[in-house]
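Visitor: I'd like to go through this model with you, a piece at a time. Could we start with what packs where?

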Amino acid sequence: MIHAGAVAIGTTTVPGPGTRHQTWGHTDRGPTRNPWRPDLSPGGSSAGAAAAVAAGIVPLSCGSDGAGSVRIPAAWCHVIGFKPTTGRAPTSDPTGLAVPGVLVRDPTLLQHWAATVLPDWSPQVGTSPSPLTTAAWSATLGYAGPHLDPEVAGIAERAAQAVCARAGLTLSRPGVTLTDPERAWTTLRSTSSSAAELRHAQRSRRDHNTRLAALFQSADLLLTPTTPGRAHGHDGPGDHLSVALTWGINLSGHPAASVPAGFTTDGCPVGLQIIARPRADELLLRLLDAHIPAAPIAPPLSRP
């Protein structure tokens, strides 16, 4: 981005060591606060990046997404977050689970980011309609029910319906049942996993990916809440698994985005996750550019 003319103003916070699943945003300098609700975490691990965009400090921040670390803070800070197909951008993560990502308020900036970060980027131009025609909705992906907040799910589903209406997509509810990715993801991420554990993780990953491939035979997009629940406080996530709906997409490598879906009755931002077929990044970003409005800056009175 710097080579393309962007001006970097600094680095932003990520969670300190020992924070479960990196959604806390707490550092050795204290908590990173959510511009919409200062008593809540902005998500993570790209905590400061999302907060800076939401507060209007910068229009764009770079992040890294290994289990939802761009999409989750985008959801909780009411901005747009995007992770590309795994393999399209260089990564230093030896597991290949983490990929570079970006957070913005204005979706028109996403293609500029992609053109400078993804070496094989080839945006589709012109006025021809998008070949995306169908979308599937799932609130739990078949396994995240214990973590689901009904209000969050309802807000995300209404946002999914609105996006499909604007984009002319047919929305279905096919009863998605994927393999729970928790054990496979944690095993592959660990440096102490045994050979037997790694074999089991790879079998689980293949099953998970096979089920996703079957779903994408009949749908162009998969829509879910970005997180099954609302943002947690600065005391940490507790037992709530905020990554439940995101880290399986790091296992599979699909491109995915989180877009603002609305707010709960107590003012917590909610995100809608939009997942596309592998290497359909251009189509997904065209959809966001055409049908997702720019997010507002968090009002000053909500800041600490």
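Visitor: What covers the buried residues of α5?

Guide: The cover includes α6 (195–215) and α7 (247–252), where helices are DSSP runs of H or I with at least four residues, strands are E runs of at least two, and both are numbered from the N terminus. This is a predicted model, in which local features need pLDDT of at least 70, side-chain atom pairs count only at pLDDT 80 or more, and totals for chains, interfaces and linings use all residues. Residues are numbered from 1 along each chain as its sequence is written, and side-chain values use heavy atoms, with hydrogens and water left out.

Visitor: And which residues of α5 are the buried ones?

Guide: In helix α5 (residues 182–189) they are Ala184, Trp185, Thr187 and Leu188. They lie on the same side of α5, because the arc they cover around the axis is only 165°, the arc being that of the directions from the helix axis to the C-beta atoms. Buried means under 20% relative accessible area, exposed means over 50%, and partly exposed is in between, with a 1.4 Å probe and protein chains only.

Visitor: Switching to strands, what does threonine 224 touch?

Guide: Leaving aside residues up to four places away in sequence, threonine 224 touches Trp137, Ser138, Leu141, Leu245, Gly271, Leu272 and Gln273, a contact being heavy atoms within 4.5 Å. Threonine 224 lies in strand β8 (residues 221–225) and is buried, with a relative accessible area of 0%.

Visitor: How many salt bridges are there?

Guide: The structure holds 14 salt bridges, each defined as a side-chain nitrogen of Lys or Arg within 4 Å of a carboxyl oxygen of Asp or Glu. One of them pairs aspartate 120 with arginine 279, with the closest N and O atoms 2.3 Å apart. Aspartate 120 is in the loop between α3 (108–117) and β6 (134–137) and arginine 279 in the loop between β10 and α8, so this pair ties together parts 159 residues apart in sequence.

Visitor: What is arginine 279's phi?

Guide: Phi of arginine 279 is near 70°, a positive value in a residue other than glycine. Histidine 78, in the loop between α2 (71–76) and β4 (80–83), also has a positive phi, near 60°. Most residues other than glycine have a negative phi, and most peptide bonds are trans. The peptide bond from glycine 44 to serine 45 is cis, with omega near 15°.

Visitor: Back to the charges: which residues are joined into one network by salt bridges that share partners?

Guide: Arginine 230 and aspartate 266 meet through their side chains in a salt bridge (2.9 Å, N to O). Salt bridges that share partners join Arg37, Asp39, Asp149, Glu151, Arg230 and Asp266 into one network. Within this network, aspartate 149 pairs with arginine 230, the closest N and O atoms being 2.9 Å apart. Since aspartate 149 is in the loop between β6 and α4 (150–167) and arginine 230 in the loop between β8 and α7, the pair ties together parts 81 residues apart in sequence.

Visitor: And overall, what does the secondary structure come to?

Guide: The secondary structure comes to 8 helices and 10 strands. Of the 304 residues, 56% count as buried, and the C-alpha trace spans about 50 × 45 × 40 Å along its principal axes.
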